[in-house]
Amino acid sequence: SAERFEEAARLREDPREVHKKTVPFDTVSALAIHLSLKTIPERERIGLERGRADIIVAGAWILVAAMSHLEASSLRAAAHGLRHGLLLDLASGRWA
């Protein structure tokens, strides 16, 4: 649920604990709504980084729209960013 993600952010859960966990579409959608209803200072208090608390809502809704368009019922959380994944793909020779 959205509250679970808020609690994880507040506790600064170890990224390795979240890595590869499945997140259902309903949870992503609920989280987008939950974050939309909070002010930037409230988002920062639950653990979102200063400088990201203002843009996280847009990113959450983009994710909801992408999942909806792709008819994805869930996603897999990653502890690493997109650049990390791209570097792994490049190193594997997949793009050669």
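## Burial and overall architecture

Of the 96 residues in the chain, 21% are buried. The coordinates come from a predicted model. The chain contains 6 helices and 2 strands, and its elements follow the order α-α-β-α-α-α-β-α from the N terminus.

Contacts between residues far apart in sequence are well represented. Among contacts with a separation of 6 or more, 65% join residues 24 or more positions apart.

## Helix α5

Helix α5 spans residues 56-70 and has 15 residues. From its first C-alpha to its last it reaches 21 Å, close to the 21 Å expected at 1.5 Å a residue.

The buried residues of this helix include V57, A60, V64 and M67. These residues lie on the same side of α5 because they cover an arc of only 95° around the axis. On the other side of the helix, I62, H69 and L70 are exposed. The cover over the buried residues of α5 includes α3 (25-36), α4 (40-45) and β2 (74-76).

## Helix α3 and its packing against α5

Helix α3 has 12 residues. Its span from first C-alpha to last is 17 Å, close to the 16 Å expected at 1.5 Å a residue. The buried residues of α3 are T27, V28, S29, A32, H34 and L35.

The axes of α3 and α5 come within 9 Å and cross at roughly 150°. An angle over 145 degrees counts as roughly antiparallel, so α3 is roughly antiparallel to α5. The crossing of the two helices is left-handed. On the α3 side of this contact are F25, V28, S29, A32, I33, L35 and S36. They meet I56, V57, A60, W61, L63, V64, M67 and S68 in α5. Several residues of this contact are also buried, among them V28, S29, A32 and L35 in α3 and V57, A60, V64 and M67 in α5.

## M67, a buried position in α5

M67 belongs to helix α5. Its relative accessible area is 5%, and M67 is therefore buried, the cut-off for that class being under 20%.

Leaving aside neighbours within four places in sequence, M67 is in contact with F25, V28, A72, S73, S74 and L75. Of these partners, F25 and V28 are among the α3 residues that meet α5. M67 and V28 are 39 residues apart along the chain, and their C-alpha atoms are separated by 9.2 Å.

## E71 and the end of α5

E71 comes just after α5, in the loop between α5 and β2. Its phi is near 55°, a positive value in a residue other than glycine. Most residues other than glycine have a negative phi.

E71 is also accessible to solvent in the calculation: its relative accessibility is 73%, so E71 counts as exposed. By contrast, M67 in the preceding helix is buried.

## The α4 region and the loop before α5

Helix α4 (40-45) is one of the elements that cover the buried residues of α5. E42 is found in α4 and is partly exposed, with a relative accessible area of 29%. Between the C-alpha atoms of E42 and A53 the separation is 8.8 Å, although the two residues are 11 residues apart along the chain.

D54 lies in the loop between α4 and α5. With a relative accessible area of 45%, D54 is partly exposed. Not counting residues up to four places away in sequence, D54 touches I40 and R43. D54 and R43 are 11 residues apart in sequence, and the distance from C-alpha to C-alpha is 8.3 Å.

Terms used
Residues are numbered from 1 along each chain as its sequence is written. This is a predicted model: local features need pLDDT of at least 70, side-chain atom pairs count only at pLDDT 80 or more; totals for chains, interfaces and linings use all residues. Side-chain values use heavy atoms; hydrogens and water are left out. Helices (H or I, at least four residues) and strands (E, at least two) are DSSP runs, numbered from the N terminus. The expected span of a helix is 1.5 Å times one less than its number of residues. Buried means under 20% relative accessible area, exposed over 50%, partly exposed in between (1.4 Å probe, protein chains only). The arc is that of the directions from the helix axis to the C-beta atoms. Contact means heavy atoms within 4.5 Å. Axes are lines fitted to C-alpha atoms, for helices over the stretch in contact, and angles run from 0 to 180 degrees between N-to-C directions. Angles under 35 degrees count as roughly parallel, over 145 as roughly antiparallel, 65 to 115 as roughly perpendicular and the rest as oblique. A crossing is left-handed if the near helix is turned anticlockwise from the far one by less than a right angle, and right-handed if clockwise.
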